[in-house]
Amino acid sequence: MKRILSFLALGALILLSQCSQDGSDYVVTIKTNQGDMIAILYDETPKHKANFIKLAKEHYFDSLLFHRVIEGFMIQGGDPDSKNAQPGQPLGMGGPGYTVEAEFNPKFFHEKGALSAARLPDQANPEKASSGSQFYIVQGRVTPPAEADALKIDQAKLNTAFQQMMQNPASQPLIDTLNQIYMTGDMQGYQNKIYSLVPRLEKQTGIKIYKEVSKEKLKAYTTIGGYPPLDDEYTIFGKVISGLDVIDKIAALPKGAGDRPMEDVRMTVTVEEMPRKKITELYGYNFLAK
(Lines give C-alpha, C1' and ligand atoms only; values in the text may rest on other atoms or scores of the structure.)
Protein backbone atom coordinates (compact mmCIF):
# COMPACT_ATOMS: atom_id res chain seq x y z
CA MET A 1 0.00 0.00 0.00
CA LYS A 2 2.82 2.38 -0.87
CA ARG A 3 1.62 3.73 -4.22
CA ILE A 4 -0.63 6.74 -3.65
CA LEU A 5 -3.77 6.95 -5.74
CA SER A 6 -3.13 10.20 -7.63
CA PHE A 7 -6.12 10.01 -9.96
CA LEU A 8 -9.48 8.37 -10.41
CA ALA A 9 -11.30 7.48 -13.61
CA LEU A 10 -12.71 10.68 -15.13
CA GLY A 11 -15.97 8.88 -15.82
CA ALA A 12 -16.45 8.12 -12.14
CA LEU A 13 -15.95 11.75 -11.14
CA ILE A 14 -18.34 12.93 -13.87
CA LEU A 15 -20.90 10.37 -12.69
CA LEU A 16 -20.70 11.62 -9.12
CA SER A 17 -21.11 15.21 -10.31
CA GLN A 18 -24.20 14.27 -12.33
CA CYS A 19 -25.72 12.48 -9.34
CA SER A 20 -25.39 15.62 -7.27
CA GLN A 21 -26.85 17.88 -9.99
CA ASP A 22 -29.94 15.79 -10.78
CA GLY A 23 -30.85 15.23 -7.13
CA SER A 24 -29.83 11.59 -6.88
CA ASP A 25 -27.10 9.92 -4.86
CA TYR A 26 -25.75 6.53 -3.91
CA VAL A 27 -27.03 4.46 -1.02
CA VAL A 28 -24.58 1.92 0.42
CA THR A 29 -25.90 -1.28 1.99
CA ILE A 30 -23.54 -3.32 4.17
CA LYS A 31 -25.12 -6.68 4.90
CA THR A 32 -23.80 -8.86 7.77
CA ASN A 33 -25.05 -11.80 9.82
CA GLN A 34 -25.66 -9.28 12.62
CA GLY A 35 -27.93 -7.10 10.49
CA ASP A 36 -27.71 -4.47 7.75
CA MET A 37 -26.24 -0.97 7.81
CA ILE A 38 -27.27 1.72 5.33
CA ALA A 39 -24.83 4.54 4.58
CA ILE A 40 -24.39 7.56 2.33
CA LEU A 41 -21.08 8.88 0.98
CA TYR A 42 -20.03 12.53 1.01
CA ASP A 43 -19.58 14.62 -2.14
CA GLU A 44 -16.94 16.61 -0.26
CA THR A 45 -14.61 13.57 -0.35
CA PRO A 46 -14.89 12.75 -4.08
CA LYS A 47 -11.82 10.49 -4.37
CA HIS A 48 -12.90 8.29 -1.46
CA LYS A 49 -16.52 8.26 -2.65
CA ALA A 50 -15.62 7.24 -6.22
CA ASN A 51 -13.15 4.62 -4.98
CA PHE A 52 -15.63 3.03 -2.57
CA ILE A 53 -18.38 2.92 -5.21
CA LYS A 54 -15.98 1.38 -7.73
CA LEU A 55 -14.90 -1.36 -5.31
CA ALA A 56 -18.48 -2.10 -4.26
CA LYS A 57 -19.63 -2.42 -7.87
CA GLU A 58 -16.75 -4.83 -8.49
CA HIS A 59 -17.93 -6.89 -5.47
CA TYR A 60 -14.50 -6.35 -3.91
CA PHE A 61 -15.88 -6.23 -0.35
CA ASP A 62 -18.12 -9.27 -0.63
CA SER A 63 -17.24 -12.03 1.88
CA LEU A 64 -14.59 -9.90 3.59
CA LEU A 65 -14.58 -9.76 7.39
CA PHE A 66 -15.00 -7.09 9.98
CA HIS A 67 -11.63 -8.29 11.23
CA ARG A 68 -10.92 -5.76 14.00
CA VAL A 69 -13.57 -4.85 16.55
CA ILE A 70 -13.12 -2.76 19.70
CA GLU A 71 -16.20 -2.04 21.80
CA GLY A 72 -16.52 1.64 22.60
CA PHE A 73 -14.27 2.47 19.65
CA MET A 74 -15.03 1.12 16.14
CA ILE A 75 -15.46 -1.87 13.81
CA GLN A 76 -13.01 -2.27 10.92
CA GLY A 77 -13.08 -4.28 7.68
CA GLY A 78 -12.10 -4.26 4.03
CA ASP A 79 -8.89 -6.32 4.17
CA PRO A 80 -8.90 -8.64 1.12
CA ASP A 81 -6.70 -11.09 3.04
CA SER A 82 -9.68 -11.77 5.31
CA LYS A 83 -11.74 -13.44 2.59
CA ASN A 84 -10.16 -16.85 3.09
CA ALA A 85 -8.48 -16.22 6.44
CA GLN A 86 -7.97 -19.11 8.80
CA PRO A 87 -9.09 -18.81 12.45
CA GLY A 88 -6.59 -16.71 14.40
CA GLN A 89 -4.80 -15.48 11.27
CA PRO A 90 -3.46 -11.91 11.77
CA LEU A 91 -5.21 -9.42 9.51
CA GLY A 92 -5.14 -5.72 8.75
CA MET A 93 -2.33 -5.20 6.22
CA GLY A 94 -4.10 -6.12 2.96
CA GLY A 95 -5.38 -3.79 0.28
CA PRO A 96 -5.88 -3.29 -3.47
CA GLY A 97 -2.31 -2.11 -4.06
CA TYR A 98 -2.85 1.64 -3.81
CA THR A 99 -3.75 4.33 -1.30
CA VAL A 100 -6.13 7.29 -1.58
CA GLU A 101 -5.02 10.85 -0.93
CA ALA A 102 -6.33 12.24 2.37
CA GLU A 103 -9.45 14.40 2.08
CA PHE A 104 -9.92 16.02 5.49
CA ASN A 105 -12.97 18.23 5.93
CA PRO A 106 -13.55 20.08 9.23
CA LYS A 107 -17.34 19.77 8.93
CA PHE A 108 -17.13 15.99 9.40
CA PHE A 109 -16.20 14.38 12.68
CA HIS A 110 -16.14 10.92 14.29
CA GLU A 111 -19.70 10.77 15.57
CA LYS A 112 -21.30 7.35 15.96
CA GLY A 113 -21.81 5.84 12.51
CA ALA A 114 -19.06 7.84 10.79
CA LEU A 115 -17.65 5.86 7.84
CA SER A 116 -13.93 6.49 7.71
CA ALA A 117 -10.83 5.26 5.91
CA ALA A 118 -8.24 3.24 7.79
CA ARG A 119 -4.56 4.02 7.16
CA LEU A 120 -1.01 3.27 8.19
CA PRO A 121 0.43 5.20 11.20
CA ASP A 122 2.04 8.62 10.77
CA GLN A 123 5.57 7.26 11.05
CA ALA A 124 5.13 5.23 7.86
CA ASN A 125 2.54 7.53 6.33
CA PRO A 126 3.21 11.22 7.08
CA GLU A 127 0.73 12.36 4.42
CA LYS A 128 -2.03 10.39 6.18
CA ALA A 129 -3.05 8.69 2.92
CA SER A 130 -5.96 6.28 3.29
CA SER A 131 -5.99 2.56 2.69
CA GLY A 132 -7.38 1.72 -0.73
CA SER A 133 -10.04 -0.57 0.75
CA GLN A 134 -9.93 -0.83 4.54
CA PHE A 135 -12.49 1.26 6.39
CA TYR A 136 -13.97 1.53 9.87
CA ILE A 137 -17.31 2.55 11.29
CA VAL A 138 -17.30 4.47 14.55
CA GLN A 139 -19.15 3.25 17.62
CA GLY A 140 -17.52 5.29 20.36
CA ARG A 141 -19.55 6.34 23.37
CA VAL A 142 -21.63 9.27 24.58
CA THR A 143 -19.46 11.92 26.25
CA PRO A 144 -20.86 12.87 29.69
CA PRO A 145 -21.37 16.64 30.14
CA ALA A 146 -18.69 16.61 32.84
CA GLU A 147 -16.16 15.51 30.20
CA ALA A 148 -17.27 17.94 27.49
CA ASP A 149 -14.11 20.04 27.90
CA ALA A 150 -12.11 17.12 26.51
CA LEU A 151 -13.86 17.71 23.17
CA LYS A 152 -12.07 21.04 22.90
CA ILE A 153 -8.68 19.34 22.56
CA ASP A 154 -6.84 19.69 19.24
CA GLN A 155 -5.79 16.10 18.57
CA ALA A 156 -3.02 16.99 16.11
CA LYS A 157 -1.40 19.38 18.59
CA LEU A 158 -1.93 16.91 21.41
CA ASN A 159 -0.14 14.25 19.36
CA THR A 160 2.76 16.62 18.64
CA ALA A 161 3.12 17.59 22.29
CA PHE A 162 2.79 13.96 23.38
CA GLN A 163 5.55 12.88 20.98
CA GLN A 164 7.83 15.57 22.40
CA MET A 165 7.10 14.35 25.91
CA MET A 166 7.87 10.75 24.94
CA GLN A 167 11.32 11.76 23.73
CA ASN A 168 12.17 13.01 27.23
CA PRO A 169 13.84 10.20 29.27
CA ALA A 170 12.29 11.63 32.44
CA SER A 171 8.85 10.71 31.07
CA GLN A 172 9.56 6.97 30.97
CA PRO A 173 7.58 6.10 34.15
CA LEU A 174 4.54 7.87 32.72
CA ILE A 175 4.97 6.10 29.38
CA ASP A 176 5.13 2.76 31.18
CA THR A 177 1.88 3.57 32.99
CA LEU A 178 0.15 4.49 29.71
CA ASN A 179 1.37 1.28 28.08
CA GLN A 180 -0.01 -0.76 30.96
CA ILE A 181 -3.44 0.89 30.61
CA TYR A 182 -3.42 0.36 26.83
CA MET A 183 -2.57 -3.33 27.18
CA THR A 184 -5.64 -3.89 29.35
CA GLY A 185 -7.83 -2.84 26.42
CA ASP A 186 -9.41 -0.02 28.44
CA MET A 187 -9.49 2.52 25.58
CA GLN A 188 -11.56 5.00 27.58
CA GLY A 189 -9.20 4.85 30.54
CA TYR A 190 -6.23 5.29 28.20
CA GLN A 191 -7.88 8.28 26.54
CA ASN A 192 -8.83 9.89 29.86
CA LYS A 193 -5.27 9.49 31.16
CA ILE A 194 -3.83 11.25 28.12
CA TYR A 195 -6.41 14.04 28.37
CA SER A 196 -5.46 14.56 32.01
CA LEU A 197 -1.94 15.35 30.82
CA VAL A 198 -2.97 18.33 28.67
CA PRO A 199 -2.14 21.10 31.20
CA ARG A 200 1.25 19.46 31.83
CA LEU A 201 1.92 19.08 28.10
CA GLU A 202 0.99 22.69 27.36
CA LYS A 203 3.32 23.87 30.11
CA GLN A 204 6.24 21.64 29.08
CA THR A 205 6.02 22.19 25.32
CA GLY A 206 4.44 25.62 24.95
CA ILE A 207 1.93 24.13 22.48
CA LYS A 208 -1.65 25.42 22.81
CA ILE A 209 -3.74 22.22 22.70
CA TYR A 210 -7.23 23.49 23.47
CA LYS A 211 -9.36 24.75 20.53
CA GLU A 212 -12.82 26.08 19.67
CA VAL A 213 -15.48 23.43 18.97
CA SER A 214 -18.78 23.95 17.12
CA LYS A 215 -22.10 23.56 18.94
CA GLU A 216 -23.08 20.86 16.43
CA LYS A 217 -20.08 18.73 17.30
CA LEU A 218 -20.54 19.20 21.05
CA LYS A 219 -24.22 18.22 20.75
CA ALA A 220 -23.48 15.10 18.69
CA TYR A 221 -20.73 13.80 20.95
CA THR A 222 -22.79 14.39 24.11
CA THR A 223 -26.01 12.85 22.74
CA ILE A 224 -25.31 10.36 19.91
CA GLY A 225 -21.72 9.67 20.89
CA GLY A 226 -18.57 8.98 18.92
CA TYR A 227 -14.79 8.94 19.24
CA PRO A 228 -13.29 12.50 19.23
CA PRO A 229 -9.58 11.49 19.37
CA LEU A 230 -9.73 10.45 15.71
CA ASP A 231 -10.89 13.85 14.44
CA ASP A 232 -8.61 15.53 11.87
CA GLU A 233 -6.45 12.40 11.69
CA TYR A 234 -8.44 10.10 9.37
CA THR A 235 -10.60 10.85 6.33
CA ILE A 236 -14.33 10.61 7.04
CA PHE A 237 -16.11 9.95 3.75
CA GLY A 238 -19.61 8.86 4.72
CA LYS A 239 -22.08 8.04 7.45
CA VAL A 240 -24.33 5.17 8.52
CA ILE A 241 -27.89 6.53 8.42
CA SER A 242 -29.71 3.33 9.39
CA GLY A 243 -28.59 0.32 11.42
CA LEU A 244 -26.56 1.96 14.18
CA ASP A 245 -27.65 -0.90 16.44
CA VAL A 246 -25.80 -3.33 14.15
CA ILE A 247 -22.55 -1.53 15.00
CA ASP A 248 -23.27 -2.20 18.67
CA LYS A 249 -24.00 -5.88 18.02
CA ILE A 250 -20.75 -6.42 16.11
CA ALA A 251 -18.69 -4.43 18.61
CA ALA A 252 -20.01 -6.55 21.49
CA LEU A 253 -18.98 -9.90 20.00
CA PRO A 254 -16.35 -11.96 21.87
CA LYS A 255 -12.89 -11.35 20.43
CA GLY A 256 -9.60 -13.14 20.14
CA ALA A 257 -6.08 -12.06 19.21
CA GLY A 258 -5.83 -8.81 17.27
CA ASP A 259 -9.37 -7.85 18.36
CA ARG A 260 -10.74 -10.23 15.73
CA PRO A 261 -14.25 -11.53 16.51
CA MET A 262 -14.29 -15.21 17.43
CA GLU A 263 -17.31 -15.58 15.16
CA ASP A 264 -16.60 -14.42 11.60
CA VAL A 265 -18.62 -11.35 10.59
CA ARG A 266 -18.65 -11.27 6.80
CA MET A 267 -19.97 -8.39 4.73
CA THR A 268 -21.66 -7.93 1.39
CA VAL A 269 -21.54 -4.35 0.13
CA THR A 270 -23.82 -2.99 -2.59
CA VAL A 271 -24.50 0.51 -3.90
CA GLU A 272 -27.73 1.77 -5.44
CA GLU A 273 -28.42 5.10 -7.08
CA MET A 274 -31.56 6.70 -5.65
CA PRO A 275 -33.25 10.13 -5.65
CA ARG A 276 -32.13 12.09 -2.62
CA LYS A 277 -35.77 12.84 -1.83
CA LYS A 278 -36.44 9.11 -1.58
CA ILE A 279 -33.37 8.59 0.63
CA THR A 280 -34.73 11.23 3.00
CA GLU A 281 -38.19 9.60 2.99
CA LEU A 282 -36.80 6.12 3.67
CA TYR A 283 -34.07 6.93 6.19
CA GLY A 284 -34.76 10.45 7.47
CA TYR A 285 -31.37 11.75 6.33
CA ASN A 286 -31.29 15.50 5.61
CA PHE A 287 -28.71 16.26 2.91
CA LEU A 288 -28.95 20.00 3.53
CA ALA A 289 -28.02 19.56 7.19
CA LYS A 290 -24.82 17.56 6.64
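These are my notebook entries on the strands, cores and helix pairs of one predicted model.

**Ground rules.** I am working with a predicted model, in which local features need pLDDT of at least 70 and side-chain atom pairs count only at pLDDT 80 or more, while totals for chains, interfaces and linings use all residues. Residues are numbered from 1 along each chain as its sequence is written, and side-chain values use heavy atoms, with hydrogens and water left out.

**Entry 1: the sheet.** I looked up the strand order first and found an open sheet of eight strands, E4-E5-E9-E7-E10-E3-E2-E11, with antiparallel pairing. Helices (H or I, at least four residues) and strands (E, at least two) are DSSP runs, numbered from the N terminus, and two strands pair if DSSP finds at least two bridges between them. I noted that strands of a sheet pair through backbone hydrogen bonds, either parallel or antiparallel. Which strands lie at the edges? They are E4 (66-70) and E11 (268-275), each of which pairs on one side only. Neighbouring strands are turned by 25° against each other on average, direction ignored; axes are lines fitted to C-alpha atoms, for helices over the stretch in contact, and angles run from 0 to 180 degrees between N-to-C directions.

**Entry 2: around E2.** I then followed E2 (24-32), which pairs with E11 in the antiparallel sense over eight bridges, and there Asp25 has Met274 of E11 as its bridge partner. E2 also pairs with E3 in the antiparallel sense, over six bridges; Thr29 stands opposite Ile38 in E3, and a hairpin through two residues joins E2 to E3. Eight of the nine residues of E2 are buried, where buried means under 20% relative accessible area, exposed over 50% and partly exposed in between (1.4 Å probe, protein chains only).

**Entry 3: E7 and E9.** I found that E7 (residues 114-117) and E9 (residues 135-138) pair in the antiparallel sense over three bridges, with Phe135 in E9 as the bridge partner of Ala117. Helix H2 (residues 46-57) packs on the sheet and touches E2, E3, E7, E9, E10 and E11, its direction making about 115° with that of E11; contact means heavy atoms within 4.5 Å. Helix H9 (residues 276-283) lies across E2, E3, E10 and E11, running at about 120° to E11.

**Entry 4: the cores.** A nonpolar core is a set of buried Ala, Val, Leu, Ile, Met, Phe, Trp, Tyr and Cys residues joined through side-chain atoms within 4.5 Å. Of the 32 residues in the largest one, Ile30, Met37, Phe61, Phe66, Ile75, Phe135 and Ile137 touch the most other members. I recorded that Ile137 touches, among others, Ile30, Met37, Phe66 and Val240, not counting residues up to four places away in sequence. A second, separate core of 21 residues includes Val27, Ile40, Ile241 and Phe287.

**Entry 5: a helix pair.** How do H4 (residues 172-183) and H5 (residues 187-196) pack? They meet at an angle of about 155°, with their axes 8 Å apart. H4 and H5 are therefore roughly antiparallel to each other, since angles under 35 degrees count as roughly parallel, over 145 as roughly antiparallel, 65 to 115 as roughly perpendicular and the rest as oblique. Residues making the contact include Leu178 and Tyr182 of H4 and Tyr190 and Ile194 of H5.
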